[in-house]
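Q: Please pick one part of this model and take me through it closely. I would like to know what sits inside, what faces outward and what pairs with what.

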Amino acid sequence: MLAMQLHDAAGRTAYLAGFHAAQALISERTGRAVKTHRGVAAELHRLTKDDPSLDIGLRAFLGRTHQLKGIADYETGPGAEVSPEQATEAIEVGKRFVAKMAEIIERG
């Protein structure tokens, strides 16, 4: 997506990858399916609040990239686009976020 300069799609997809990884952690830990951004963010915080391996950058990932998804999905007009830098950062941090969710799930 980045190579094709589809920055909006890249930002949105990075968010969705993290969102689904967080949903997987929540499901594994609680047996429940949480479907909304707000619900996933709140439950993820509750489940990981005492986990020092989840650094501040990873903790902020869903909120930051949810804004990118909003831009990609709803905003129009000049300046209403995800920048190449935002998309690149979202993908890089998103990879770390998904890997961390998998690690936490594996730890049990």
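A: The part chosen is helix H5 (84-107), taken from its span to its buried side, then to its charged contacts. The model is predicted, so local features need pLDDT of at least 70 and side-chain atom pairs count only at pLDDT 80 or more, while totals for chains, interfaces and linings use all residues. Numbering runs from 1 along each chain as its sequence is written, and side-chain values use heavy atoms, with hydrogens and water left out.

Start with the span. Helices here are DSSP runs (H or I, at least four residues), numbered from the N terminus. H5 has 24 residues. From first C-alpha to last, H5 reaches 35 Å, close to the 34 Å expected at 1.5 Å a residue. The expected span is 1.5 Å times one less than the number of residues. Just after H5, Gly108 takes a positive phi of about 85 degrees.

Which residues of H5 are buried? They are Ala87, Ala90, Val93, Gly94, Phe97, Lys100, Met101 and Ile104. Buried means under 20% relative accessible area; exposed is over 50%, and partly exposed lies in between (1.4 Å probe, protein chains only). An α-helix has 3.6 residues a turn, so residues three or four places apart point the same way. The cover over the buried residues of H5 includes H1, H2, H3 and H4. Contact here means heavy atoms within 4.5 Å.

H4 (residues 61-74) makes a useful companion. It has 14 residues and reaches 20 Å between its first and last C-alpha, close to the 20 Å expected. Phe61, Leu62, Thr65, Leu68, Lys69, Gly70, Ile71 and Ala72 are its buried residues. H5 is among the elements that cover them, as are H1 (7-30), H2 (37-48) and H3 (56-59).

Now the interior. A nonpolar core is a set of buried Ala, Val, Leu, Ile, Met, Phe, Trp, Tyr and Cys residues joined through side-chain atoms within 4.5 Å. The largest one has 17 residues. Ala22, Val40, Leu44, Leu62, Phe97 and Met101 touch the most other members. H1, H2, H4 and H5 each give two or more residues to this core. H1 supplies the largest share, 6 residues. Leu44 shows how the parts meet. Leaving out residues up to four places away in sequence, Leu44 touches Ala22, Leu25, Ile26, Leu62, Phe97 and Met101. Another core lies apart from this one, with 7 residues, including Ala10, Ala14, Ile71 and Val82.

One residue of H5 sits less covered. Ala99 lies in H5 and is partly exposed, with a relative accessible area of 45%. The C-alpha atoms of Ala99 and Ala21 are 8.7 Å apart, although 78 residues separate them along the chain.

Next, the charges. Side chains of opposite charge can pair when their charged atoms come close. A salt bridge is counted when a side-chain nitrogen of Lys or Arg is within 4 Å of a carboxyl oxygen of Asp or Glu. The structure holds 9 of them.

Take Arg107 and Asp51. Their closest N and O atoms are 2.4 Å apart. Arg107 is in H5 and Asp51 is in the loop between H2 and H3, so this pair ties together parts 56 residues apart in sequence. Is each partner buried or partly exposed? Arg107 is partly exposed, at 46% relative accessible area. Asp51 counts as buried because its relative accessibility is 12%. Both belong to a network of salt bridges that links Asp51, Lys100, Glu103 and Arg107. Lys100 is also on the buried list of H5.

Arg96 pairs with Asp55, at 2.6 Å from N to O. Arg96 is in H5 and Asp55 in the loop between H2 and H3, 41 residues apart. Arg96 counts as partly exposed at 41% relative accessibility. Asp55 is partly exposed too, with 31%.

Glu89 and Arg64 form a salt bridge at 4.0 Å, N to O. This pair joins H5, where Glu89 lies, to H4, where Arg64 lies, across 25 residues. Glu89 is partly exposed, with a relative accessible area of 40%. Arg64 is partly exposed as well, at 31%.

In sum, H5 gives two or more residues to the largest nonpolar core. Arg107 and Arg96 link H5 to the loop between H2 and H3, and Glu89 links it to H4.
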